[in-house]
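Me: I would like a close look at a single part of this model. Take one element, go through its residues, and follow the contacts outward into the rest of the fold.

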Amino acid sequence: MPEILLHYIWEHCLWAGFPQQTTDGRPAEILSVGQHNGDAGPDYSHARIRIGDREWVGNVEIHVHASDWYRHRHYQDHAYDSVILHVVRDADKPVSNTRGELVPQCALCYPDDRDYLSGLLSDARRMD
């Protein structure tokens, strides 16, 4: 799955109606996906997320695999210390920021139908 498809699903709220939770089991309610960042740094800014009973406002980073966080060296980059949620398809490992603090992760739940996703990918590529 290309990362652009996860961005499209995130930005167009195609996960709506599917309960989301962090990888450690806390309910995650996405109140606002934030604004897409076309520059360096986290993918979305000013997102609003309720994790458990606490509301957060900040940045969201999206990857297909959680381990991409390390492949892209975000754990060494202070720009990613303000990430309030790491959205992934495959939560293959926990991630931490430059201070060694775990970053909450959500393996995004959405319709997982191959034909549906192929259509979405075509739409996402046309918009890119």
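Reply: A helix here is a DSSP run of H or I with at least four residues, and helices are numbered from the N terminus. The model is predicted. The part I take is H1, which covers residues 3-11.

Start with burial. Leu-5, Leu-6, His-7, Tyr-8, Ile-9 and Trp-10 are the buried residues to note in H1. His-7 deserves a pause. Its relative accessible area is 12%, so it falls under the 20% cut-off and counts as buried. What does His-7 touch, leaving out residues up to four places away in sequence? The list is His-36, Asp-43, Tyr-44 and Ile-62.

Now Trp-10. The structure has four aromatic pairs. One of them joins Trp-10 to Trp-15, with 6.2 Å between the centres and 40 degrees between the planes. That pair is tilted. Both of its members are buried. Tyr-44, listed above as a contact of His-7, belongs to one aromatic cluster with Trp-10 and Trp-15.

Trp-15 has its own set of contacts. Residues up to four places away in sequence are again left out. On the helix side, Trp-15 touches Ile-9 and Trp-10. Its other contacts are Gln-20, Ile-30, Val-33, Leu-108, Cys-109 and Tyr-110.

Between the two tryptophans comes Cys-13. It sits in the loop between H1 and strand E1 (28-32). Cys-13 comes just after H1 and takes a positive phi of about 55 degrees. Most residues other than glycine have a negative phi. Is Cys-13 buried, exposed or partly exposed? Its relative accessibility is 34%, so it counts as partly exposed. His-46 also has a positive phi, near 60 degrees. His-46 is found in strand E3. With a relative accessible area of 52%, His-46 is exposed.

Next, the core. The largest nonpolar core has 20 residues. Trp-10 and Trp-15 are among those with the most contacts inside it, along with Ile-49, Val-60, Leu-85 and Leu-108. H1 supplies at least two residues of this core, and so do strands E3 (44-51), E4 and E5. A second, separate core has seven residues, including Ala-66, Trp-69, Tyr-80 and Val-103.

The strands that share the large core with H1 can be followed further. E4 spans residues 54-65 and runs parallel to E5, with six bridges between them. In that pairing, His-63 has Val-88 of E5 as its bridge partner. E5 also pairs with E6 (residues 105-107), again in the parallel sense, over three bridges. There, Val-88 is partnered with Ala-107 of E6. Val-88 thus has a bridge partner in each pairing: His-63 and Ala-107.

Why is E5 described as largely enclosed by the rest of the structure? Strand E5 has eight residues, 83-90, and six of them are buried.

One more ring, away from the helix. Lys-93 lies over the face of Tyr-70, at 5.0 Å from the ring centre.

To pull the part together: H1 buries a run from Leu-5 to Trp-10. His-7 touches Tyr-44, and Trp-10 clusters with Trp-15 and Tyr-44. Both tryptophans are among the core residues with the most contacts.

Conventions: Residues are numbered from 1 along each chain as its sequence is written. This is a predicted model: local features need pLDDT of at least 70, side-chain atom pairs count only at pLDDT 80 or more; totals for chains, interfaces and linings use all residues. Side-chain values use heavy atoms; hydrogens and water are left out. Buried means under 20% relative accessible area, exposed over 50%, partly exposed in between (1.4 Å probe, protein chains only). Contact means heavy atoms within 4.5 Å. Two strands pair if DSSP finds at least two bridges between them. Rings of Phe, Tyr and Trp (its six-membered ring) pair if their centres lie within 6.5 Å; planes under 30 degrees apart count as stacked, over 60 as edge-to-face and the rest as tilted. A charge sits over a ring if NZ of Lys or CZ of Arg is within 6 Å of the ring centre and within 35 degrees of the ring normal. A nonpolar core is a set of buried Ala, Val, Leu, Ile, Met, Phe, Trp, Tyr and Cys residues joined through side-chain atoms within 4.5 Å.
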